[in-house]
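Work through these exercises with the structure open beside you. Try each task before reading its solution.

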Amino acid sequence: MTEYSRMAKGSFTAVGTSAIVNLPFQPDFVEIWNYSIIKTAAANKVAHAWWDNKLQDGSNNPTMVEIYNNASAVVFDTIQTNGISAFQAGQLLQYGPTKQIIGATAANPVVFNVTAHGYQVGDTVVFEGLYQTQFTAGMAQMSNIQFTISVVGDADHFTVKWDGSGSNYTALSASPSGATVKKVLYPFLYVPQVSVISAITLGATTTIVTTDYHNFEVGQQVAFRIPNVAAVPALSPPAWGTTQLNSLPNLLTPGAPNYGYVVSVTDNWTFVVNINSSAYTAFNVNIPIVNVPGLSFPQVLSVGDVNTGGNIISAGSPLYPSPQFPTSTNRVPTINGPAIRGAFVNNTSQGFVIGSGAAAADVSAAVTMIANTNIVYWHAYLHDLSLP
Amino acid sequence: MIVRSATINKIAERSRNDFSPLCGVTIWRQAEDLILRDYVVSAASEISAGGGSNGDNPTNLGVTDFSLVAATLDTNNAYKFMSGIEGMDRFGTGPVRSSYFMLSSTELQPDFDGLMGSGFLSQWNYPSNSSALPSEYGNVFNIRILTSSEAPVARGTSAKGNDVYYNTVVGKQAVTHINQDGFSMNLIYRDPYYSGMLAQNATLAVKFAQAQAITQDTAIRNLLSTRLSNLGV
């Protein structure tokens with residue numbers, strides 16, 4: 001009686017303890033087999049997991065698992081949170097759970113202390129309420145900016161690219177009220193996107209560091225929007241400083257854009273543009289906290305034609321292969337491809353996530369569904385009829 | 001300069017009960033709008049509102065924010081969408097300046113009403129409504145405001161943890177979309193007999209290949225704002 005049910009199956013070799021599987025639908029039932037564990041039994045490992053989106057256990061939507069327990073006996077268990085789940089990255093501005101910030105260093109870079117944050121390098125987060133003393137002291141200059149985590153120190157600490165060592169920053173401590181962080185679930189729906197600038201190194205060429213992955217490629221044309229903050233009292237150098245990079249006005253040819261081109265990409269946060277900024281004003285993020293209300297951020301954005309950066313399928317081909325976007329370890333293809341040259345990458349997607357949550361009953365070790373190098377087979381379904 | 005984007009979008013098959021309400025709107029246009037919304041939020045630069053009084057970052061909208069954004073676009077030689085509406089001898093009306101469009105959330109409508117008397121002119125107070133769009137809420141200086149429940153909102157991300165609204169202000173030459181050659185929009189309807197063995201569901205879908213384009217990046221700004229107060233929306 002199937003009419004619109006969707007079924008899909010596939011396999012992959014795991015890289016880490018979580019995975020994203022893109023599908024042309026959002027499944028309501030997923031089943032995975034960890035062939036590596038089925039073939040070679042190992043204590044505290046999951047052989048089989050399945051998830052139904054209608055299953056509710058309190059406020060949880062758990063994943064059921066069949067595991068080898070600490071004594072290598074096969075038992076049933078559950079993963080109550082961060083198990084399998086469906087996702088749709090087709091709407092911007094979706095966030096993960098809000099987490100309390102315990103503290104943060106007023107240093108360069110800034111290290112945040114969040115108990116059991118669960119983040120990885122490459123995750124993008126946004127901060128709110130970074131006041132040590134309400135509205136008069138703290139690190140609120142960093143609020144409402146997307147940061148891609150650059151270092152995970154341990155389970156409770158992570159680092160973002162921002163210079164918080166200035167005199168106008170006060171370290172956070174003792175869990176300030178309202179100071180929170182949350183993960184941006186799908187930060188790169190279209191890439192390259194507008195990014196906030198974290199640092200600028202002036203010179204014959206100009207080196208830009210962004211707070212999140214910039215997603216630029218060599219040859220990308222970029223524009224700058226660097227507000228001039230009228231700080232009280234006045235700062236030296238002024239904030240944000242390097243306003244000479246702004247696209248307009250161009251004093252030589254008024255009204256003409258004054259753009260730069262990316263000449264090299266250092267890493268996911270850093271790139272170099274072909275603008276000689278030797279005589280420009282130094283970049284400065286040491287903004288007085290009194291200037292936070294209404295504070296616009298320094299931004300860089302893409303214009304022009306080289307955005308996907310993919311390799312052409314073959315000489316003379318008008319098409320790129322499926323566009324990719326960066327992760328902390330490699331570049332991951334989007335499901336949209338092939339792309340036309342010069343395209344922004346539409347990175348919207350849907351499917352299911354295999355989370356890194358651990359089994360609830362067997363707590364003798366962190367029993368996750370998959371681990372590095374595991375061979376995983378999966379089936380995903382979207383049913384016509386789901387009762388009740 | 002023209003930047004391009006390739007997108008193939010499809011609203012999947014829906015059951016008859018589900019798609020019936022959608023017949024009231026042009027689903028193709030709605031899908032296009034949502035795509036363009038996300039694209040613009042991702043790719044266009046931002047100005048934080050600072051003219052409001054709530055002390056947040058961004059602040060709630062103040063009339064100076066409208067002036068600032070309009071001045072920015074004017075400086076960048078952006079084209080306005082609408083010519084002005086000349087004043088008439090009608091009680092309670094006032095002239096409307098030539099304007100850019102700003103796309104805002106319906107949740108901000110109380111804040112716009114709060115600016116009445118200091119710059120905001122309700123659409124119903126235009127001298128003539130002939131040029132007003134169905135979703136048009138009003139005008140502040142050189143900006144005419146269109147509201148939609150689908151406007152982008154970043155929940156709880158301001159400096160004080162309040163919702164941040166993306167108010168996209170566009171000049172005429174700022175954005176467009178390009179239909180890809182050989183893949184024009186298809187409106188697909190299959191009645192139940194053809195949609196499944198048991199004839200239980202019909203199909204209504206649109207399918208199109210489209211390139212979103214920011215044709216002039218200096219002619220578009222996302223004006224970020226919070227609300228004056230939380231109204232429980």
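## Exercises on a predicted model

Chain B of this predicted model has an average pLDDT of 82, and 84% of its residues reach at least 70. For the model, ipTM is 0.82 and pTM is 0.84.

**Exercise 1. Find the stretch of chain B where pLDDT stays under 50, and decide how to read it.**

Step 1. Scan chain B from its start. Residues 1-21 stay under 50 in pLDDT.
Step 2. Check the contacts there. The model has 56 contacts for this stretch beyond four places in sequence.
Step 3. Weigh them. Where pLDDT is low, predicted coordinates should not be read in detail.

**Exercise 2. Describe the make-up of chain B: its helices and strands, its buried share and its contacts.**

Step 1. Count the elements. Chain B holds five helices and 13 strands.
Step 2. Turn to burial. Of the 233 residues in chain B, 42% are buried.
Step 3. Look at sequence separation. Take the contacts in chain B with a separation of 6 or more: 70% of them join residues 24 or more positions apart.

**Exercise 3. Split chain A into its domains.**

Step 1. Domain 1 has two segments, 7-85 and 351-382.
Step 2. Domain 2 covers 99-183, and domain 3 covers 197-303.
Step 3. Compare centres over C-alpha atoms. Those of domain 1 and domain 2 of chain A are 32 Å apart.

**Exercise 4. Trace the six-stranded sheet of chain A and explain what is special about β1 and β6.**

Step 1. Write the order. The open sheet runs β1-β31-β3-β4-β5-β6 in chain A, with antiparallel pairing.
Step 2. Look at the ends. β1 (6-13) and β6 (74-79) of chain A each have a single partner strand, so one side of each lacks a neighbour in the sheet.
Step 3. Add the twist. From one strand to the next, it averages 15°.
Step 4. Zoom in on one pair. β4 (residues 45-52) and β5 (residues 63-68) of chain A are antiparallel, with five bridges. Here A:Val46 faces A:Ile67 of β5(A).

**Exercise 5. Which residues of strand β2 in chain A lie on the covered face, and which strand does β2(A) join?**

Step 1. Sort the residues of β2 (residues 19-22) of chain A. A:Ala19 and A:Val21 form the covered face, while A:Ile20 and A:Asn22 form the uncovered one.
Step 2. Find the partner. β2(A) runs antiparallel to β30 (residues 349-354) of chain A, joined by four bridges.
Step 3. Match a residue. A:Asn22 is opposite A:Gly351 in β30(A).

**Exercise 6. Trace the four-stranded sheet of chain A and say why β8 and β14 have a free side.**

Step 1. The order is β8-β17-β11-β14 in chain A; this sheet is open and its pairing antiparallel.
Step 2. β8 (99-100) and β14 (146-148) of chain A are edge strands with a single partner each, so one side of each has no neighbour in the sheet.
Step 3. β8(A) meets β17 (residues 180-183) of chain A through two bridges, running antiparallel. A:Gln100 stands opposite A:Thr180 in β17(A).

**Exercise 7. Which residues touch the most other members of the largest nonpolar core?**

Step 1. The core has 106 residues, and B:Tyr100 and B:Ile143 touch the most other members.
Step 2. Helix α2 (residues 27-43) of chain B gives the largest share, six residues.
Step 3. Domain 2 (99-183) and domain 3 (197-303) of chain A each supply at least three residues to this core.
Step 4. Beyond four places in sequence, the contacts of B:Ile143 include B:Phe66, B:Tyr100 and B:Val169.

Note on methods: Residues are numbered from 1 along each chain as its sequence is written. Chains are lettered from A and ligands numbered from 1 in the order in which they are written. This is a predicted model: local features need pLDDT of at least 70, side-chain atom pairs count only at pLDDT 80 or more; totals for chains, interfaces and linings use all residues. Domain bounds come from an automatic or database domain assignment. Two strands pair if DSSP finds at least two bridges between them. Axes are lines fitted to C-alpha atoms, for helices over the stretch in contact, and angles run from 0 to 180 degrees between N-to-C directions. A residue is buried if 20 or more other C-beta atoms lie within 10 Å of its own, exposed if 12 or fewer, and partly exposed in between; C-beta atoms are placed from the backbone. Two residues are in contact if their C-beta atoms, placed from the backbone, lie within 7 Å. pLDDT is the predictor's confidence in each residue, from 0 to 100. A nonpolar core is a set of buried Ala, Val, Leu, Ile, Met, Phe, Trp, Tyr and Cys residues joined through C-beta atoms within 7 Å.
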